[in-house]
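I opened the model to look up one charged side chain, a metal site and the nonpolar interior. My entries follow in that order.

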Amino acid sequence: MLGHKLFHAKCNWVDKMKKWLLLGITLYSTNLAAFPHANPVPGGIAVVPVAPLSDPLPIVQYGNQRVTVVAQGNQWIALVGISLDAQPGSQRLSINQGKPASFQIGNKQYKTQRISIKDKNKVNPDEESSQRIVQELKVQKQVKTRFSANIKADLNFIKPVPGHDTGRFGLRRIINSQPRNPHSGMDIAAATGTPIKATASGTVLHIDDFFFSGKTVYVDHGSGVISMYAHLSQILVKPGDSVQQGDFVGKVGSTGRATGPHLHWSVYLNGQAVDPSLFLPPKN
Ligand SMILES: [Zn+2]
């Protein structure tokens, strides 16, 4: 009987030590870990605690899309990408263990941008181009919704080229007087040929030459975090290549539908384009 009690006392002591050790490791890694800023609006990120870190990694879904989950503090946190055309209101996340979680989408009105494009076929594509666009949309959807579950997300981001963010993320666009999809990335002004750095470590997921995005590179940063670099003059990587943060993936250009040389940089979470500036220190 006494032995039994001692055994339990010892177990409790070991458990407590384990908890303290885990807490210590967690605090240590939290201080080092990069983390996007929460901004739960269309085109932003909801940061939602979903389970204590003592639980196994939860599998979280938003609609039918798996959501990036990372450790922070003593919790598992879901980083939910919110669609640019989402409506404000309450949203639900399903979790494989325990109760669902919810979050609120706030209101955000993006300004309207009017652009003039000389190449008329890039605004009102002919039949052949339209078929090409439909095919490319399928490829793009598949690529941006990739979820590499066995790779921990690398959220330690840098700006891919130095230069001015022209502040166009989310703008509703009127091109040659016709409404078009909202702008789903950050445009950074840079000269043709400027080398483009991988924003974080990862694996080159796809390269292509698209009708609208021109020469494009996608990098998979693990667990549903994907970056995309568009309108390149040159691509310097191939699918399957491992890249470290800062490795060159291509050079700035103006291929596809672009008004001039610049880098279009997109970041996807659960397949939704979110504002890349949320991953950078303020005023980057
Ligand atoms: Zn752009």
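I started with Arg173, which I found in strand β9 (residues 172-175); strands here are DSSP runs of E, at least two residues long, numbered from the N terminus. This is a predicted model, in which local features need pLDDT of at least 70 and side-chain atom pairs pLDDT 80 or more, while totals for chains, interfaces and linings use all residues. Residues are numbered from 1 along each chain as its sequence is written, and side-chain values use heavy atoms, without hydrogens and water.

I checked the charge partners of Arg173. Arg173 is buried (under 20% relative accessible area, 1.4 Å probe, protein chains only). Arg173 has no salt bridge (side-chain nitrogen of Lys or Arg within 4 Å of a carboxyl oxygen of Asp or Glu). Asp187, the nearest side chain of opposite charge, is 5.8 Å away. I did find the side chain of Arg173 at 3.4 Å from the backbone oxygen of Asn181.

Next I looked up the zinc ion. Its donors (N, O and S atoms within 2.8 Å; water is not among the atoms, so the site may look incomplete) come from His183 (NE2), Asp187 (OD) and His264 (ND1), at 2.1 Å. His183 sits in the loop between β10 (178-180) and β11 (186-189) and His264 in β19 (residues 262-269), so the two tie together parts 81 residues apart in sequence. I noted both His183 and His264 as buried.

Last, I listed the largest nonpolar core (buried Ala, Val, Leu, Ile, Met, Phe, Trp, Tyr and Cys joined through side-chain atoms within 4.5 Å). Of its 32 residues, Tyr229, Val249, Leu263 and Trp265 touch the most other members. Strand β19 gives the most to this core, with four residues.

Conventions. Donors are N, O and S atoms within 2.8 Å of the metal (3.2 Å for Na, K and Ca); water is not among the atoms, so sites may look incomplete. Buried means under 20% relative accessible area, exposed over 50%, partly exposed in between (1.4 Å probe, protein chains only). Lys and Arg count as positive and Asp and Glu as negative; His and the chain ends are not counted. A polar contact is a pair of N or O atoms within 3.5 Å; within protein, one must be able to donate a hydrogen and the other to accept it, and residues adjacent in sequence count only if both atoms are side-chain atoms.
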